[in-house]
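Biologist: Please show me the model, and then let us discuss how its interior is packed.

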Amino acid sequence: SLAIASVVCFAGFALCRRRVGGKYLDQTISRRRAQTLVDSLTDEQAKQHIYVTCMLDTVFPLCYGLTLAGAALRFSHLNGLWPVLPAVPAVCFDYCENSTHIIALTKRRVPPAKPLLSLLKWFFFIIALLLPAISG
C-alpha cells in the first residue's frame with residue numbers, strides 16, 4: 001500500500017542521512033540556513049543529496065500525498081473532493097522545492113524561492129494531515 005511505501009521511503013531517508021552530511025535541505029526553511037548547509041557539504045555529499053532528492057524524494061511526495069488524500073476521502077465528512085485538495089498542492093510544492101534543492105546543490109547557491117516553497121509545502125501538508133481528524 002501507499003502508506004507502507006511512505007514508511008519505506010522514510011526509512012530510506014534515515015539510512016542515507018550520513019551520506020548527505022547528516023541533514024537534508026528539506027529540514028530547513030530559512031534561505032540562510034539552507035545556504036549554510038549547502039556550503040558545509042563536500043562534493044560527494046552534495047552528489048549523494050542530489051541522488052536522494054531525485055530517487056526517494058520523487059517517490060515520497062506521491063506516496064504521502066495519495067495516502068493523505070485517501071485518508072481524507074475515507075474519514076472526512078466533507079462532501080466531494082474538498083478533503084483531497086490540500087494534498088495536491090502539498091505534493092506540487094514539494095516537487096517545486098525539490099527543484100530548488102537540485103539547483104542549490106549543483107550551483108552551490110540556494111534560490112530565493114526556496115523558503116516560500118518550503119513554507120507552502122509544509123502549510124498544505126499539515127492541513128492535509130489534520131483534515132481527516134478535524135472534519136471527521
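The exchange below concerns the core and the aromatic pairs.

Modeller: This is a predicted model, in which local features need pLDDT of at least 70, side-chain atom pairs count only at pLDDT 80 or more, and totals for chains, interfaces and linings use all residues. Residues are numbered from 1 along each chain as its sequence is written, and side-chain values use heavy atoms, with hydrogens and water left out.

Biologist: Which element gives the most residues to the largest nonpolar core?

Modeller: A nonpolar core is a set of buried Ala, Val, Leu, Ile, Met, Phe, Trp, Tyr and Cys residues joined through side-chain atoms within 4.5 Å; buried means under 20% relative accessible area, exposed over 50%, partly exposed in between (1.4 Å probe, protein chains only). In the largest core, of 16 residues, Phe 13, Val 52, Tyr 64 and Leu 68 touch the most other members. Helices are DSSP runs (H or I, at least four residues), numbered from the N terminus. The element that gives the most, with 6 residues, is α3.

Biologist: How are the rings of Tyr 64 and Phe 125 arranged?

Modeller: Rings of Phe, Tyr and Trp (its six-membered ring) pair if their centres lie within 6.5 Å; planes under 30 degrees apart count as stacked, over 60 as edge-to-face and the rest as tilted. Here the centres are 5.1 Å apart and the planes are at 90°, so the pair is edge-to-face.

Biologist: Is Tyr 64 buried or exposed?

Modeller: Tyr 64 lies in helix α3, and its partner Phe 125 in helix α5. With a relative accessible area of 7%, Tyr 64 is buried.

Key. Helix = DSSP H or I, 4+ residues; strand = E, 2+ residues; numbered from the N terminus.
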